[in-house]
Amino acid sequence: MGTTQLKMLKLVLLLTFTEICAAENDITLTVFTVTSKSMTVQWSGQTGASSYKITATPKNSPERSVFAQFGGNTVMGSVNSLSPNTMYTMQLEAMDNAFNVLSSAETEETTAPEVPTIDQAYSKHSDSITLEFTEVSGASSYILRAQSVVGDFFSETVVGSSPGTVMQLQPYTDYRLSVMSVNSGGRSQPSYTIEAGTVVMAPKLNASSPDSGTILVNWTPVEHAVLYTLCIIREGSNSRLKLNTTDTMVNFDDLEAGTTYCIKGMAWDSEGRVGDDLTVCQITRPPSPAVTQVLVTQGRSLGVYVNWVSVKGAESYIALTTNGQNCTSAGSGFCFIIPVECGQNHSVSVTAYNKAGPSSPSHPADYITYPCPPENIWVEEPTAGDCSVVWDEVPLVEYYMAFIKRDDGTEKSCNSTETTCPFFCMCGYTYLTTVFPYNQAGSSPYSQVRNYTTIPCCPEGVSINLVSTETLEVMWSPVKGAELYETTAAQTNDVIHCNDTAPVCALSDLKCNTAYSVTVTPCSDLRGCNHTCTPHTHETAPCAPEIINMTQSNNSTYRVQFTNPNTPNTNYTITAIGRLDTHTCHARNNSCELTQLPCGSTYEVMAVATTTVGKSLPGYTKLLETGPCCPRFVNVTQVTQAMTNVTWTPGSGARFYITSLMSSRGHAKCHTLDTHCLMGCITCGTNYSVNLEAISSSGHKSECKYHGFSSSACCPTSVKFFRRANLSLRVYWRSLGPQIQNHTVELYGTGANYTCITAAGSKYCDVQEETCGDVYTVVVAPMGQNGSKVSFCQARTYSVPCPGSNAGMKISRGRRSMN
């Protein structure tokens, strides 16, 4: 053989060896399933293989190997006759036609344990069967297989040892059961199958107690049951009663009231097997309680205190009156029936309750309540100062006690069998009246309080001052009972110039040189206005004269002619004012002469009237000049609800000013020489336009307009104050003006102070009082746009007694100015 042929043979052998190695590396072997004595494997096919040989060799065991051979087209095969619970090495060899091994693969697996044997199967519950079986070596768990005889149910249950229970079965049903052992290799074959059935269900007992000595038990029939067994035992006792019945209802009599009994029920099938058991516990109704005491109590509301002897087994009690009222108790031997009607004669009985129901009611106990208060109480005043408290008659009353308290603390009472009580009443006071009826049970625990306010007194110390030529300022001392003051002048057709809570008023825009009869009328919300007050007269300043003509008499003298608009004996002064000098003349008629006037000067010539009341405004001057300058700013400050003070800076060339506040609800005007003016007739809560006329000495005018002015919100009227049922204090009022405002309410007491701010539009405010019987000064004021409160609303003083006082609520009223 040549060298070339030898090389070719080596190449062929090398390629063949490479293919064989590749084939050995490509084949795979896995265990598909195992049993106790067999193992099934599967593999990947080998190209060129004509057969496969599987050899099972025990590992760590002297037993012999077992093999099986399969055709070349097979990829799965089993090896039988193996030993249970044994580790085997499984070897696969792929062979050609000459039985040469082309490739091989190995794997290890354990056979399943031996097949268990069922010893017995039994059912103690309607939804389960318990199997007892022999445990086998090497088993880590067992599978209990159950299948219904009719084939509509199949389940497998894993258990760790014997016995094992199959759950979720149907009552009174037959099943085929088997057991398989399991280890890491797999499960054994099922054991021989046995048949067993579940027992019947337990009866679903419903227990009730129709009375204190009986328990009734019933249930729906149990399918396949032919007999029922019930066992009853008293709680805390070892004695029991057992009975069998074919009925579905049992009545246990002669039991102890208010005692818990437990009843266990079982059903039997036709084969004599007892089914599930079910236990229910039922308490008998409590015995009837005995009422020991019924007492009518007094307090904020009339009540009845009921007391009884507690009974065994009762969880709660209900006391019921013959008029349908009741109270309950959660176990204690008493309760309160609140409220009850006054002036009544009733009885009350008590019933005990537990889960079983009510006991029989106790024997009724009678009681009588206190008399009712009068439904209507009022005050009659046929003549001023002669008052009487009058009330409706109340039945079953022996006598009445009437209490009359004045708002300054003065108190009067009277004992009467009639329905009236006279007393003296002064103007400007509020009287609080209440009446308590009495009978043999005592007095009514409460009574309505009625207040009566007499007409307010006329103010004293009225003073009228001329604050400008056409404005009168009226001041007076506040009077008791007045909530509002109306100031009128007869000469203005009794138009109300001021409608205010403050004791001051400005009558502006009046006629000059006129005597006005001014009346201050106090008013209250309850009694209206006192129109019997005496008027007071005061005169305005004289009217300003007007210069008609100025003629020159000679080089230094001028005759001035002017009007004479005032009453006789009015003094007139004519003044000529230049840049460096001033000249005057006086007269009582309509002309006078100014002398020694230097030539070449410009003068402002004016006339002024003087009377005992005061001076008029200067008349218009005669001169050549340009119009005067408007003031740079005008400041409007509100003094009271109906008065403003207008100030402005001087205008160059201006001698007179006419200031006007205009609105859709009215206007105010002031004509003055000063740079300020006090103006009345202001309506609260109103937007005003501010106009000013600056007038020169010769009568030249300049119309001036400024930013608008909004008067403050209206101070509330009819401020009332009372205690509420929940111990809070309520302040309420009536708002004036068209605006919806927030209000601030301040209470200054001797013991504590309170403050609250209401929402817009609200007309009351509640304050939780910490102490009772205090005296409070109450101020209710609207809030401005910037959040500040109106400072000139008036205060009122109230005295509030503690609740439960027979005299009712004590109220006093007064006035206080706020800083």
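**Exercise 1. Surroundings of Met643**

Task: In this predicted model, list the contacts of Met643 beyond its sequence neighbours and decide whether Met643 is buried or exposed.

Solution.
- Step 1. With residues up to four places away in sequence set aside, Met643 is in contact with Glu473, Val504, Cys505, Ala506, Gln638, Leu678, Met679, Gly680 and Ile682.
- Step 2. Met643 belongs to strand β53, which covers residues 643-648.
- Step 3. The relative accessible area of Met643 is 1%. Buried means under 20%, so Met643 is buried.
- Step 4. For a distance across the sequence, take Cys498: it is 145 residues away from Met643 along the chain, and the two C-alpha atoms are 8.4 Å apart.

**Exercise 2. Overall form of the chain**

Task: State which secondary structure elements the protein chain has, and work out why the chain counts as more spread out than a compact globule.

Solution.
- Step 1. The protein chain has 65 strands and 1 helix.
- Step 2. For 819 residues the globule rule gives 28 Å, while the radius of gyration of the protein chain is 58 Å. The second value is well over the first, so the chain is more spread out than a compact globule.
- Step 3. Along the principal axes, the C-alpha atoms fill a box of roughly 175 × 115 × 40 Å.
- Step 4. Buried residues make up 47% of the 819 in the protein chain.
- Step 5. Among contacts with a separation of 6 or more, 59% are between residues 24 or more positions apart.

**Exercise 3. Surface and charge**

Task: Give the accessible surface of the protein chain and the share of carbon and sulfur atoms in it, then describe the charged side chains.

Solution.
- Step 1. The accessible surface is about 40,300 Å², and carbon and sulfur atoms hold 50% of it.
- Step 2. There are 66 negative and 50 positive side chains in the protein chain.
- Step 3. The centres of these two sets lie 9 Å apart.

**Exercise 4. The largest nonpolar core**

Task: Find which residues have the most contacts inside the largest nonpolar core and which strand gives the largest share of it.

Solution.
- Step 1. The core has 21 residues, and Trp43, Ile54, Val79 and Met90 have the most contacts inside it.
- Step 2. At least two core residues come from each of β1 (29-34), β2 (39-43), β3 (51-58), β4 (66-71), β6 (87-95) and β7 (101-110).
- Step 3. Strand β6 gives the largest share, 4 residues.
- Step 4. Beyond four places in sequence, the residues that Met90 touches include Leu29, Met39, Val41, Ile54, Val79 and Ala105.
- Step 5. As background, nonpolar side chains tend to be buried together in soluble globular proteins.

**Exercise 5. Backbone exceptions**

Task: Locate the cis peptide bonds at Pro163 and Pro339, and the positive phi values at Asn85 and Asn569.

Solution.
- Step 1. Most peptide bonds are trans, and most residues other than glycine have a negative phi.
- Step 2. Ser162 and Pro163 are joined by a cis peptide bond with omega about -5°. Pro163 sits in the loop between β11 (154-159) and β12 (164-166).
- Step 3. Between Ile338 and Pro339 the peptide bond is cis, with omega about -10°. The loop that holds Pro339 runs between β26 (334-337) and β27 (345-354).
- Step 4. Asn85 has a positive phi of about 50° and is in the loop between β5 (76-79) and β6. Its relative accessibility is 31%, so Asn85 counts as partly exposed.
- Step 5. Asn569 has a positive phi of about 65° and is in the loop between β47 (558-562) and β48 (571-577). Its relative accessible area is 60%, so Asn569 is exposed.

**Exercise 6. Pro358 and Ser360**

Task: Place Pro358 and Ser360 in the secondary structure, then give the exposure and contacts of Pro358 and of Ser360.

Solution.
- Step 1. Pro358 lies in strand β28, and Ser360 in the loop between β28 (357-358) and β29 (365-368).
- Step 2. Pro358, at 29% relative accessibility, is partly exposed. Ser360, at 48%, is also partly exposed.
- Step 3. Excluding residues up to four places away in sequence, Pro358 touches Arg285, Thr351, Ala352 and Tyr353. With its own such neighbours left aside, Ser360 is in contact with Ser288, Pro289 and Val350.
- Step 4. The C-alpha atoms of Ser360 and Val291, 69 residues apart along the chain, are 13 Å apart. For Pro358 and Asn80, 278 residues apart along the chain, the C-alpha separation is 78 Å.

Conventions: Residues are numbered from 1 along each chain as its sequence is written. This is a predicted model: local features need pLDDT of at least 70, side-chain atom pairs count only at pLDDT 80 or more; totals for chains, interfaces and linings use all residues. Side-chain values use heavy atoms; hydrogens and water are left out. The radius of gyration is taken over C-alpha atoms; the globule rule is 2.2 Å times the number of residues to the power 0.38. Buried means under 20% relative accessible area, exposed over 50%, partly exposed in between (1.4 Å probe, protein chains only). Contact means heavy atoms within 4.5 Å. Accessible areas come from the Shrake-Rupley method with a 1.4 Å probe; for residues, only the protein chains shown count as cover. Lys and Arg count as positive and Asp and Glu as negative; His and the chain ends are not counted. The place of a charge is taken as NZ of Lys, CZ of Arg, CG of Asp or CD of Glu. A nonpolar core is a set of buried Ala, Val, Leu, Ile, Met, Phe, Trp, Tyr and Cys residues joined through side-chain atoms within 4.5 Å.
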